[in-house]
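Take a first look at the fold before reading on. The paragraphs below move from single residues to the whole chain and back.

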Amino acid sequence: MTLQWFLYLAAALFSVGLYGALSQQSIVMIMMGLELMANAVIVAGAAFWYFVSPMRPDGQVVVLVAVTLMALDMAVGFAVTTAIFRRRDVDMTDSAADLKG
C-alpha cells in the first residue's frame with residue numbers, strides 16, 4: 001500500500017466520524033464520532049512516519065503518546081457521561097444544556 005491509500009483511509013475515517021459527531025444527539029454516539037476522528041489522525045500520522053522515516057523510533061513514540069491520550073480522553077468523557085446519566089437520567093445533548101459554562 002502507498003501513502004495515498006493510507007491517507008484515503010484516514011480521510012474516510014475522519015469523514016465518518018465528523019458526520020457521526022455532528023448528526024447525533026446521543027452523547028455516546030458523539031463520543032464515538034470523536035473517537036473515529038482521533039483514529040483518523042493517528043492513522044495519518046503513523047502513515048507519514050512509516051513512509052518518511054521508518055528507521056527512527058520518534059514516530060512510534062508520537063503515535064503511542066497519541067493513542068494513550070486518546071484513551072485517557074475517552075475514559076474521562078465516558079466517566080462524565082455516566083455521572084450525568086446516573087444523576088439525571090439524561091443521555092441526549094439537548095437535555096444536558098444546563099452544563100454550559
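Buried means under 20% relative accessible area, exposed means over 50%, and partly exposed lies in between (1.4 Å probe, protein chains only). This is a predicted model, in which local features need pLDDT of at least 70, side-chain atom pairs count only at pLDDT 80 or more, and totals for chains, interfaces and linings use all residues. Residues are numbered from 1 along each chain as its sequence is written, and side-chain values use heavy atoms, with hydrogens and water left out.

Start with Val 90. This residue sits in the segment after H3. Val 90 counts as buried because its relative accessibility is 12%. Its C-alpha atom is 9.4 Å from that of Ser 26, although 64 residues separate the two along the chain.

Now step back to the whole chain. It has three helices and zero strands, which gives the pattern α-α-α along the sequence. The radius of gyration is 17 Å, well over the 13 Å from the globule rule for 101 residues, so the chain is more spread out than a compact globule. That radius is taken over C-alpha atoms, and the rule is 2.2 Å times the number of residues to the power 0.38. The C-alpha trace spans about 50 × 25 × 20 Å along its principal axes. Helices here are DSSP runs of H or I with at least four residues, strands are runs of E with at least two, and both are numbered from the N terminus.

How much of the chain is buried? The share is 23% of the 101 residues. The accessible surface comes to about 7,100 Å², and carbon and sulfur atoms hold 70% of it. These areas come from the Shrake-Rupley method with a 1.4 Å probe. As for charge, the chain carries 5 positive and 7 negative side chains, and the centres of the two sets are 6 Å apart. Lys and Arg count as positive, Asp and Glu as negative, while His and the chain ends are not counted.

An unreviewed UniProt entry lists residues 6-22, 34-52 and 64-85 under "transmembrane region". Such annotations may be inferred rather than shown by experiment. In the model, residues 34-52 are 100% helix, with end C-alpha atoms 27 Å apart. Residues 64-85 are also 100% helix, and their end C-alpha atoms lie 31 Å apart.

Next, follow the start of the chain. Thr 2 lies in the segment before H1. With a relative accessible area of 41%, Thr 2 is partly exposed. Trp 5 belongs to helix H1, residues 3-23. At 52% relative accessibility, Trp 5 counts as exposed. Ala 47 links the two descriptions: its C-alpha atom is 8.9 Å from that of Thr 2 and 9.5 Å from that of Trp 5.

Finally, turn to helix H3, residues 58-88, where Thr 81 is placed. Is Thr 81 buried or exposed? It counts as buried, because its relative accessibility is 11%. Leaving out residues up to four places away in sequence, Thr 81 touches Ile 27, Val 28 and Met 31. A contact means heavy atoms within 4.5 Å. Val 80 is in helix H3 too, but this residue counts as partly exposed at 46%. The C-alpha atoms of Val 80 and Ala 40 are 24 Å apart, with their positions 40 residues apart along the chain. For the chain, residues 24 or more positions apart make up 62% of the contacts with a separation of 6 or more.

Terms used:
The place of a charge is taken as NZ of Lys, CZ of Arg, CG of Asp or CD of Glu.
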